[in-house]
Amino acid sequence: MLSVAIWLPILAGIVVLVLGSDKKADFTRWLALAGGLAAFFATLPLYTKYDFSRGAFQFQEMAQWIPAFNINYHLGVDGISVPLILLTSFTTLLVVIASWQVITKNIAQYMAAFLMMSGLMIGVFSALDGILYYVFWEAMLIPMFLVIGIWGGENRVYATIKFFLYTLLGSLLMLVAFIYLYHRTNSFAITDFYLLPLTLKQQVLIFMAFFMAFAVKIPMWPVHTWLPDAHVEAPTGGSVVLAAIMLKLGGYSFLRFAMPIAPDAAHYLAGFMITLSLIAIVYIALVALVQEDMKKLIAYSSISHMGFVTLGFFIFSQLGLEGAIIQMISHGFISAAMFLCVGVLYERMHSRNIADYGGVANSMPIFSAFAVLFAMANSGLPGTSGFVGEFMVILAAVKYNFWVAFLAATTLIFGAAYTLWMVKRVFYGEVVNKHVAKLQDLSRREFLMLAVLAVMVIGLGVYPKLITDFTHVSAAQWLDHMATSKLPVAGL
Amino acid sequence: MENIQIDMMTALPELIVLMLAMTILVADLFLKPKNKIIIYGLAQFTLFAAAYFTVSSFTSSVGFAFTNMFVDDSLAHVLKLMILLGAAVMFVYTRHYMQLRNMFRGEYYALVLFAVLGMMIMVSGQSMLTIYMGLELLSLCLYSLVAFDRDNAKSSEAAMKYFVLGALASGMLLYGMSMIYGMTGSLNLSDISGLLQDTDPKNPVLILGLVFIVAGLAFKFGAVPFQMWVPDVYQGAPTSITLLIGSMPKFAAFAITIRLLAQGLQPLTADWRDMLLMMAVLSIAIGNITAIAQTNLKRMLAYSTISHIGFVLFGLMSGSLNGYASSMFYISAYVLMTLAGFGMILLLSRKDFEAENLDDLKGLHQRSPWAALLMLITMFSMAGVPPTIGFYAKFTVLQAALQAGYIWAVVFAVLMAVVGAFYYLRIVKLMYFDATLESASISAPIDMKFILTINAVALLALGLMPQTLMSVCGAAIARSLQ
């Protein structure tokens, strides 16, 4: 079943690439949509057939792949990965719809890139073998590199090469860690890595190697600088996938690899990680406040929100962990929605500059209603999904340390400040120029995609049990594992 | 009499290449220019006949011939097969190119076949004399091939450089061999290895001999600090010859390194692995960093070769069967990538136009999405990004080096691989993100397009299913070096 979820979108991508062309634009789009839909429905059984009472890996598949190095094609999911997989296939479908009229050159390649990326990302979320995981993780860079480079903005070459090299640097160090673990266990199976006893020094080195890979991806301060560049230059679809899913790959991988493989190092370095998270939350929020470019502002707000995710991980409590996971899913929806909103405006005005807008609400009332809803969700308004995750993490942080919680909670102020200030400048006030006055409101296609997202954002805000059902048992099990020391019994 | 028969049968593939190469040389004199295509057919037939007899004599046992000067083991079989197939692919890629430049002559095929013969002899060399003989046969053919476009001043200059430096390297190798011979009294590698067991490994003559041998090998590989000839020769030689120099001879160089260092001088492993470590680290660093500054595609690929050789040395210096097998896998992957890379330059070249500057690739995606996609796969494979074979190549050598305990060298190599990724990405950038400068369509014979497609797709397919090639390399090494 997982194999279908992974390979169906990749195959669909190849079909689109072969059959589609710019001359048959509509045919190509419908073909891509069919592929996206099929891929989405292929992931639904993971939701309906998932056994909530078990924390272990489910839907496992296992086949020999490279026996010379004991590398297996080993897949499986638990409560942490299932919601992320669903988010992935959902977002891909959204991207296909969102790029319907926007992309007019090389349509087939564009759609194919996103479909393949979707399969590869699902592969990352479900791989239980180090090398299989690594292959998916790296392969996914290739389509993203092309998407930003071919369909991106003016400064796209710089942004996409920076994106690729940053990520590559981190992940190659991770590869070294994998090989080291392989020589210790004679296997690349994650579950074998979990059981391997390691001294604190070894754990810290392994943790740092993984940290380089994942911190870049999340991204954590100070290795975040590729993200604003990549976001600003990427086409709307690229930004959506980057923010909604790729950043989560980093968060997910911390939970799956870095922390359980080196639990003592994770505890040992928790203070360091929490500090970095708080810097991201507070400092990056302040940076977001002064942005002139809407996409850049949302990019910085993403970094700040991902700070909550890492903060939730490293306070090691059930509440914090589940809050962090909800925050990942919720941020997937909200950031996707925000980037789509910017995309809607950009298509009409060809500007992302806040100063070029003003009084959009007068010419686009329906759109403005949606945009304000998503902005509220982004600043953590109760009743939206943005509130649930942040609130849970802050609650957990209070038990851990009051001042950590206090600093984290300032984001409710800063987040509201930068988001609402942008909303005020863009949507309200006088109509600033005749271009704004002539804006057309949402088309049916745009309405559809924003409405679906709005339902998800409010749905998760009111009924977060949708996610916690999945995460509850797996999170408890994860915390149990983290509480057990892996240091050799004899001591250091 | 019976002995000679066994000897001849053991070296049957070599004999076939020798006979047919001479036949080509003679037949060429009697053929009219418009019938020269027969020569091409004959050359391809030669390779396939030799490949057929190589495959049909596959055994897992080790055989010796010509009074133990010639060895016939799995390593030799596999490498010969790869060399022959590589040469066949090379002939397909270069035919059109040579025809357009009035270089489609019988000598070209005869010389390449003699070079192939030299490589096959090197691969099977069990005595230092055999190895040297094969090496000289290969080198002399390559010197003259580099100067094949004789009116081109650049080619002649490159040939001159190649000859002078190559002769120097051969001399060093021979000097080293003579010292080892002086110490042990034998030219046979398995005898040497046995005799050295009882000798003091700190003996200065022995070490000096080893240093000269390693230097000679490094020269043939093109490893730092003996890399100076590589960029000039790559750039100066006609692209079809660059393709040859960059690909199959590396198999032969790998084979003689295994024969000389891992078999003959195995007792001195502790000494030569330190030398290889230095060369590997420097090759990766200098190759990758210098490649960034290049504007000529052939020159850039030359520096990229130097860095790839560094990775090959990583596997060799591990000094284990695992390490040798990983090096062999790396070389195979490297040759596949090199064939595809230079094949693409040949494809884009036209009459009186060499597509050798980076800018010639600009906007290739608009001119031919197919060619751009193939080059994309090749470039990501060279950069070592999965799911291409280039990734597994790097993976296997790095794990071998890590197993041997070279953690910091591995971390360094990984950092340099990121530097290397930059200039491969730049090619992708030129092809996909930039606008094209010219509109000439790509014209090439259909067989070349077909083989090139298979070649590039193989980089991807072997990346998804690397097991077969890995186990072939593993088994060849394990059977030949127990």
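Trainee: Is B:Thr257 buried or exposed?
Mentor: This is a predicted model. B:Thr257 lies in helix H12 of chain B, which spans residues 248-264. Its relative accessible area is 4%, and the cut-off for buried is under 20%. B:Thr257 is therefore buried.

Trainee: Which backbone oxygen does the side chain of B:Thr257 reach?
Mentor: A polar contact needs a pair of N or O atoms within 3.5 Å. The side chain of B:Thr257 comes to 2.6 Å from its partner, the backbone oxygen of B:Ala253.

Trainee: Which residues does B:Thr257 touch, not counting those up to four places away in sequence?
Mentor: Contact here means heavy atoms within 4.5 Å. With residues up to four places away in sequence left out, B:Thr257 touches B:Leu217, B:Phe221, B:Ala262 and B:Leu316.

Trainee: What share of the area buried between chain A and chain B do carbon and sulfur atoms give?
Mentor: The contact takes 35 residues from chain A and 33 residues from chain B. The buried area is about 3200 Å², and the share from carbon and sulfur atoms is 86%.

Trainee: How many salt bridges does the rule find across the interface of chain A and chain B?
Mentor: The rule finds 4 residue pairs in polar contact across this interface, both residues at pLDDT 80 or more. For salt bridges across the interface of chain A and chain B, the number found is 0.

Trainee: Where does the largest share of the side of chain A that touches chain B come from?
Mentor: Strand E1, helix H5, helix H6 and helix H7 of chain A each supply at least two residues of that side. The largest share is 16 residues, and it comes from H7(A).

Terms used: Residues numbered from 1 in each chain as written. Chains lettered and ligands numbered in written order. Predicted model: local features only at pLDDT ≥ 70, side-chain atom pairs only at ≥ 80, totals over all residues. Heavy atoms only, no water. Helix = DSSP H or I, 4+ residues; strand = E, 2+ residues; numbered from the N terminus. Buried < 20%, exposed > 50% of the residue type's maximum accessible area, 1.4 Å probe, protein only. Polar contact = N/O pair within 3.5 Å; in protein donor to acceptor, adjacent residues only side chain to side chain. Buried area = accessible area lost by both parts, 1.4 Å probe. Salt bridge = Lys/Arg side-chain N within 4 Å of Asp/Glu carboxyl O.
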